Amino acid sequence: MMAKTEKTHTQLAVASEVVADSAELIIEIKDLWRKFFEDTPAEVQALRGVNFRVERGEFITIMGPSGSGKSTLLTILGCMAPATSGQVYIDGTEITEMSQRKLSEIRKEKIGFVFQDIFLIETISALDNVLLPLLPYGITKEDRQRAIELMKTAGLDDRMKHKPTELSGGQKQRVAICRALINDPPIVLADEPTGNLDSQTGGEILELLRKLNYEKRITILAVSHDPKLAEFSSRDVMITDGEITRDRINPFRDHNLS
Ligand SMILES: Nc1ncnc2c1ncn2[C@@H]1O[C@H](COP(=O)(O)OP(=O)(O)OP(=O)(O)O)[C@@H](O)[C@H]1O
Ligand SMILES: [Mg+2]
């Protein structure tokens, strides 16, 4: 048991050393805890002292058993849920003590979130779904043009006017990814983006994420159990019982990307 713990720590040290030399940290997490029902007999420690650093442009696959804290971590990073203690820096700004108003600003500027359940509005077009996050701020002609460009990148050229009910699962998920990107965020968080799709449609989504990371240098953190995703990730991380128990750099990534 002891030997196993020591080995894990060595692997952690290796991965964080590589990141520590970089000047461009986009995410930094220090001793992050998230407890539910704190100080009651039902207390759940969903995150237990997570330390983690992400360099701009990384593509990280997060794996781990059900209930290990993956979604909890992503929703905190996505400024959608509070931490119990610890610090989280998004592009240099500490978010754990922020007001709701400031959090929503950070979310708008920095984060695109792709959910496992796609959550499209059925009564409006795919294009309008992509534009939805901008609705509170007023949608300009330029926004509309950007949405069209994004949808073209995602191979949805001829599906913009379609309603979600007229789209396949993979097309719907691509619309959801375009929606996550409409704010031009430097970070995309994806919680099992291919979870509900068959393997071929899932492959299209992976290809889109790969392209966004490789061509646009968007930092991606994706919860996924798909080995294909891990192949072109720069790093893969395992979370077990609220702790990072593995953190590996992928030495074959450039080979797999080309
Ligand atoms: N809102 C909540 N209230 C109470 N407990 C919660 C809440 N959200 C999550 N938990 C608990 O926190 C732990 C971590 O949950 P989380 O959703 O982060 O797991 P996960 O790794 O994403 O699992 P899965 O792979 O099944 O999606 C679980 O024990 C879960 O029951
Ligand atoms: Mg989850």
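In which helix is R253 found? In this predicted model, R253 belongs to helix α9, which covers residues 253-257, and it will serve again as an example once the chain as a whole has been described.

The chain contains nine helices and ten strands, and of its 258 residues, 36% are buried. If we consider the contacts between residues that are at least 6 apart in sequence, we find that 69% of them join residues at least 24 apart.

Some of the strands form an open sheet of four, arranged in the order β2-β1-β4-β5 with antiparallel pairing. Because β2 (44-55) and β5 (93-94) stand at the edges and each has a single partner strand, one side of each is left without a neighbour in the sheet. Strands of a sheet pair through backbone hydrogen bonds, in either a parallel or an antiparallel manner. At one edge, strand β4, made of residues 85-90, is joined to β5 by two bridges, the two strands running antiparallel, and here I90 stands opposite T93 in β5. Helix α2, formed by residues 70-77, lies across β1 (25-36), β2 and β4, and its direction makes an angle of about 60° with β2.

We can now return to R253, and ask how many C-beta neighbours it has inside 10 Å. The number is 17, and R253 therefore counts as partly exposed, since a residue is called buried at 20 or more and exposed at 12 or fewer. Apart from its neighbours within four places in sequence, R253 is in contact with F232, S233 and S234. R235, although 18 residues from R253 in sequence, is 8.8 Å from R253 in space, C-alpha to C-alpha.

Notes: Residues are numbered from 1 along each chain as its sequence is written. Chains are lettered from A and ligands numbered from 1 in the order in which they are written. This is a predicted model: local features need pLDDT of at least 70, side-chain atom pairs count only at pLDDT 80 or more; totals for chains, interfaces and linings use all residues. Two residues are in contact if their C-beta atoms, placed from the backbone, lie within 7 Å. Two strands pair if DSSP finds at least two bridges between them. Axes are lines fitted to C-alpha atoms, for helices over the stretch in contact, and angles run from 0 to 180 degrees between N-to-C directions.
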